[in-house]
Amino acid sequence: MSEFTNQSRRKFLLTAGASALGSIFLKGCLGNPPGTTVSTMQVQQVTATNVNPEQAPETPRIKLGYIPIVESAPLIIALEKGFFAKHGMTGVELSKQASWGSARDNIEIGSAGGGIDGGQWQMPMPHLITEGIITKGNVKIPMYVLMQLNTHGNGIAVASKWQGQGIDLKLAQGQAIISQLKSSNNIFKAAHTFPQVNQDFWIRYWLAAGGINPDTDINLMPVPSAQTVANMKTGTMDAFSTGDPWPYRIVKDKIGYMAALTAEIWKNHPEEYLAIRADWVDKNPKATKALMKGVMEAQQWLDNFDNRQEAANILAGRNYFNLPVEILTEPFQGKYNMGDGRTIDDRSMAALYWKDEKGSVSYPYKSHDLWFLTESVRWGFLPPETLTNANALIDRVNREDLWKEAAKELGIPTADIPTNTSRGVEQFFDGIQFDPANPTAYLQSLKVKRVNV
């Protein structure tokens with residue numbers, strides 16, 4: 001029996017090698033906003049270099065899905081700079097997903113059915129898919145979380161009409177304004193790209209910290225990003241939670257401002273992850289580690305800020321994000337024009353891929369899995385008894401053991417390999433703390449929540 005109660009289903013590639021090594025075969029549609037451009041997939045055969053025969057992958061091929069936001073950068077860079085191919089993964093395919101719902105649908109059917117084997121995920125989607133909570137017919141499809149792709153890289157964009165009225169990081173006047181709107185039947189409307197995961201959690205935490213109940217005081221909904229951008233232009237959408245570069249594009253297009261970066265809400269927070277179907281990993285453990293080593297090298301390359309302009313040029317290209325490169329350039333350097341007169345120039349606030357101020361970014365701390373599940377309980381997405389069995393589920397899904405094996409094979413210094421699956425106590429901008437050793441105490445400390453503890 002599932003450890004979670006069944007819930008109604010929500011509506012919600014690549015080969016690789018450096019570009020210089022040949023052409024690319026790309027397939028799928030544009031994921032996050034704006035636009036609905038469809039690109040083609042290109043396949044490139046690349047020769048692996050210096051692969052230890054004992055570590056040679058069982059197969060060089062895998063199909064990975066991604067959404068065109070900065071969280072996908074390690075996958076794209078691993079392809080474009082040849083890091084996948086270097087470790088024998090010469091037949092990787094990256095598939096641009098139309099939405100998170102599409103990614104969920106494609107992981108259900110797998111690559112054999114024309115879908116994907118894994119890819120970039122918001123949390124805790126791999127756990128929910130494993131438990132059959134968001135799949136068709138509640139069919140369980142076991143997945144493994146292999147590594148974190150990045151920290152930061154998200155923001156809360158707010159429509160220009162609210163500028164200067166206290167709809168900001170601390171929501172100084174926000175509670176009063178939103179209460180007035182609710183009383184006048186002109187309720188504040190906000191959106192995220194998929195329910196019950198990262199981008200939903202970020203905007204919920206921000207609102208709740210300001211005394212606003214996201215379930216009763218506003219209209220919070222999942223909306224395709226392109227539609228949200230269009231709605232903000234017409235004045236029918238008030239706020240939007242999503243990944244870079246889209247909040248910043250809203251600023252550049254002068255239709256809104258950045259009320260908050262998620263880096264301000266929770267400094268060095270976990271963001272998105274690489275997760276793959278368990279059946280593929282179990283069949284191809286060496287290929288899995290080869291893939292991970294390619295991503296690790298891409299993460300290290302990305303965290304050299306001298307490479308960020310080249311990274312922006314690659315990601316902005318037609319095959320990937322298909323947007324003006326300047327939309328990526330400044331945020332990649334930690335430079336944000338917030339659109340309301342405030343500016344940030346701090347590399348520690350940028351999307352980070354290998355290391356941040358807390359240590360390893362790439363390593364998948366189990367304590368972070370626990371926070372996502374605890375936050376799910378907070379908002380009633382999962383029942384309270386989830387926390388009783390949370391560690392058992394996390395142990396099934398989180399394969400930090402494979403991360404350590406891959407890191408050692410790659411020659412990562414021992415000092416850069418975490419020895420504890422917990423990152424310890426986490427601190428949020430409103431003073432709330434999350435101690436992984438006592439998630440119930442965290443829930444008890446929160447004033448705005450749906451669960452009774």
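This briefing describes selected features of the structure shown above. The model is predicted. Its subjects include an open sheet of five strands, a pair of packed helices, and two cis peptide bonds, one between Met123 and Pro124 and another between Asp244 and Pro245. Individual residues such as Asp105, found in helix 3, are then considered.

**The five-stranded sheet**

- The strands of this open sheet follow the order 9-8-10-7-11, and their pairing is mixed.
- Strand 9 and strand 11 form the edges, as each of them pairs on one side only.
- From one strand to the next, the twist averages 25°.
- In general, the strands of a sheet pair through backbone hydrogen bonds, and the pairing may be parallel or antiparallel.

**Strand 8 and its two partners**

- Strand 8 (residues 189–192) runs parallel to strand 9 (residues 219–222), and four bridges join the two.
- Within this pairing, His192 stands opposite Pro222 of strand 9.
- Between these two strands the chain passes through helix 6 (residues 198–209), giving a β-α-β crossover that is right-handed.
- Strand 8 is also parallel to strand 10 (residues 239–243), to which two bridges join it.
- Ala190 stands opposite Ala239 in strand 10, while Ala191 has Phe240 of strand 10 as its bridge partner.

**Helices on the sheet**

- Helix 6 packs on the sheet and touches strand 7 (154–159), strand 8, strand 9, strand 10 and strand 11.
- The direction of helix 6 makes about 60° with that of strand 7.
- Helix 7 (residues 225–234) likewise packs on the sheet, where it touches strand 7, strand 8 and strand 10.
- The direction of helix 7 makes about 145° with that of strand 10.

**Helix 1 against helix 11**

- Helix 1 (residues 73–80) packs with helix 11 (residues 285–302) at an angle of about 100°, and their axes are 8 Å apart.
- Angles of 65 to 115 degrees count as roughly perpendicular, and helix 1 and helix 11 are therefore described as roughly perpendicular to each other.
- On the side of helix 1, the contact is made by Ala73, Pro74, Leu75, Ile77 and Ala78.
- On the side of helix 11, the contact involves Gly294, Val295, Ala298, Gln299, Trp301 and Leu302.

**Cis peptide bonds**

- The peptide bond joining Met123 and Pro124 is cis, with omega about 5°.
- Pro124 lies in the loop between strand 5 (118–121) and helix 4 (125–130).
- A cis peptide bond also leads from Asp244 to Pro245, with omega near 10°.
- Pro245 belongs to the loop between strand 10 and helix 8 (246–252).

**Positive phi angles in loops**

- Asn138 is not a glycine, yet its phi is positive, at about 55°.
- Asn138 is placed in the loop between helix 4 and strand 6 (143–148), and its relative accessibility of 29% means that it counts as partly exposed.
- Lys254, also a residue other than glycine, has a positive phi near 60°.
- Lys254 is found in the loop between helix 8 and strand 11 (256–261), and this residue is exposed because its relative accessible area is 71%, where the cut-off for exposed is over 50%.

**Asp105 and its surroundings**

- Asp105 is part of helix 3 (residues 100–109), and it counts as partly exposed because its relative accessibility is 28%.
- The side chain of Asp105 makes a polar contact of 2.7 Å with the side chain of Arg104.
- Asp105 and Gly115 are 10 residues apart in sequence, and their C-alpha atoms are 7.8 Å apart in space.

Methods:
Residues numbered from 1 in each chain as written. Predicted model: local features only at pLDDT ≥ 70, side-chain atom pairs only at ≥ 80, totals over all residues. Heavy atoms only, no water. Pairing = 2+ DSSP bridges. Right-handed = clockwise from strand over helix to strand, strands pointing away. Buried < 20%, exposed > 50% of the residue type's maximum accessible area, 1.4 Å probe, protein only. Polar contact = N/O pair within 3.5 Å; in protein donor to acceptor, adjacent residues only side chain to side chain. Axes fitted to C-alpha atoms, helices over the stretch in contact; angles between N-to-C directions. Parallel < 35°, antiparallel > 145°, perpendicular 65-115°, else oblique. Contact = heavy atoms within 4.5 Å.
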